[in-house]
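Colleague: Could you take me through one part of this model in some detail? I would like to start from a single helix and work outward from there.

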Amino acid sequence: MITTTGLTKVYRSRGREVTALDGVDLHVREGEVYGVIGQSGAGKSSLIRCINLLERPTSGTVTVAGQDLTALAGRGPRAGRELRQARSRIGMVFQHFNLLSSRTVQDNVELPLEILGKSGKERSRKALELLDLVGLADKAKSYPAQLSGGQKQRVGIARALAGDPKVLLSDEATSALDPETTRSILQLLRDLNRQLGLTVLLITHEMDVVKSICDSAALMERGRIVESGTVGELLATPGSELAAALFPVGGEASADDRTVLDVTFHGEAATQPVISQLSRTYNIDISILGAAIDTVGGLQIGRMRIELPGRYEDNVVPVGFLREQGLQVDVVDPVDAADSASTVDAGDTVDDKQPALVKEGAE
Ligand SMILES: Nc1ncnc2c1ncn2[C@@H]1O[C@H](COP(=O)(O)OP(=O)(O)OP(=O)(O)O)[C@@H](O)[C@H]1O
């Protein structure tokens with residue numbers, strides 16, 4: 001539904017050049033919720049602004065619903081007719097809602113329909129239908145100032161849906177909201193995704209957003225996508241930074257001469273008693289340092305941090321045994337694990353330190 005190839009954006013101001021996007025290849029499938037996560041300055045806003053051609057990319061292409069937007073003339077407010085039409089089929093939701101304070105809720109939702117030249121009757125019917133869809137039927141005549149943050153964002157979402165878009169782009173839609181309101185807005189996006197078959201591309205700096213609604217995710221650093229895939233694929237990728245952040249387990253080694261492993265259980269492997277088999281087969285004592293079961297992107301996943309006596313060189317065979325059972329095993333570097341284990345929890349953002357995973361055996 002959305003494909004970018006070699007997308008590059010270089011800003012030039014006062015003789016300085018900033019490369020905000022550096023050859024981004026993104027592939028968002030129809031009907032999925034896709035999250036792009038990254039620290040401040042990673043290029044997330046530039047990516048979303050280039051996808052709907054609010055910014056013209058320096059090079060590369062953007063295709064949405066099969067149409068190459070980069071081939072259409074103009075940008076931002078000076079977009080040509082074809083580009084404006086294509087853009088009306090891409091809904092956009094903003095962090096600070098961007099509602100017009102002098103207009104009622106209904107009139108805010110009608111605004112894109114006015115621009116599309118729809119009749120008054122048609123605009124009114126559509127706006128009321130959308131307000132009903134986002135749970136705000138009774139607020140049509142209110143003004144934005146009379147609404148809570150969550151309600152304002154619902155209006156923003158209703159307005160974004162006015163042109164019957166196939167794609168919704170969300171730029172930190174929940175960053176200005178409290179945790180409970182965030183949950184309700186994410187749930188609304190998820191419901192719209194399912195009910196309308198809407199493809200949602202959202203950018204965020206909060207791992208919890210990705211964890212609660214995304215089917216796929218990409219990690220952006222310095223204008224590049226450094227990891228991407230479905231949540232299931234990411235969790236099955238040894239050494240994946242995103243997977244470790246999506247599903248962290250803590251726990252420190254009890255002594256220097258120990259091997260600490262993060263073991264991820266999903267699919268069939270989750271039901272096998274592998275830890276007791278490992279202990280019996282190799283006659284070793286295994287300590288469980290931390291463990292959790294969670295639902296990530298709709299998948300039930302278990303993760304356990306275990307400690308084996310001896311250094312890694314002494315444990316190559318038991319580690320191989322675990323992998324043969326279909327488990328994903330990441331060897332945790334003892335120094336970095338001690339640094340981070342006590343600070344990581346599921347609500348952390350990517351700004352926080354994650355255990356460094358040794359990519360042994362990953363290739
Ligand atoms: N209009 C602009 N002119 C010059 N440089 C810009 C412009 N917009 C963004 N940049 C630079 O491009 C880089 C990427 O910025 P961008 O806003 O895309 O990142 P971001 O990941 O969305 O960050 P944040 O989460 O803080 O919004 C930054 O170094 C930023 O300073």
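Modeller: Just after helix H1, Leu 53 takes a positive phi of about 60 degrees. That value, like the rest here, comes from a predicted model. H1 itself spans residues 44-51 and is mostly covered, with seven of its eight residues buried. The buried ones are Lys 44, Ser 46, Leu 47, Ile 48, Arg 49, Cys 50 and Ile 51. An α-helix has 3.6 residues a turn, so residues three or four places apart point the same way.

H1 also belongs to the surroundings of the ligand, giving the most to the shell with three residues. Strand E1 (2-13) and strand E2 (16-28), as well as H1, each supply at least two residues of that shell. Of the 13 residues around the ligand, those that come nearest are Tyr 11, Ala 20, Ser 40, Ser 45 and Ser 46. By type, the shell divides into eight polar residues, four nonpolar and one charged.

Ahead of H1 in the sequence is strand E3, residues 33-38; six of its six residues are buried, so the strand is largely enclosed by the rest of the structure. The cover is on both faces: Val 33, Gly 35 and Ile 37 are buried on one side, and Tyr 34, Val 36 and Gly 38 on the other. E3 pairs in the parallel sense with strand E8 (residues 199-204) over five bridges, and there Ile 37 stands opposite Thr 204. E3 also pairs with strand E9 (residues 216-221), in the parallel sense and over five bridges. In E9, Ala 217 is the bridge partner of Gly 35.

Conventions: Residues are numbered from 1 along each chain as its sequence is written. This is a predicted model: local features need pLDDT of at least 70, side-chain atom pairs count only at pLDDT 80 or more; totals for chains, interfaces and linings use all residues. A residue is buried if 20 or more other C-beta atoms lie within 10 Å of its own, exposed if 12 or fewer, and partly exposed in between; C-beta atoms are placed from the backbone. Helices (H or I, at least four residues) and strands (E, at least two) are DSSP runs, numbered from the N terminus. A residue is near a molecule or strand if its C-beta atom, placed from the backbone, lies within 6 Å of it. Ala, Val, Leu, Ile, Met, Phe, Trp, Tyr, Cys and Pro count as nonpolar, Asp, Glu, Lys and Arg as charged, and the others, Gly among them, as polar. Two strands pair if DSSP finds at least two bridges between them.
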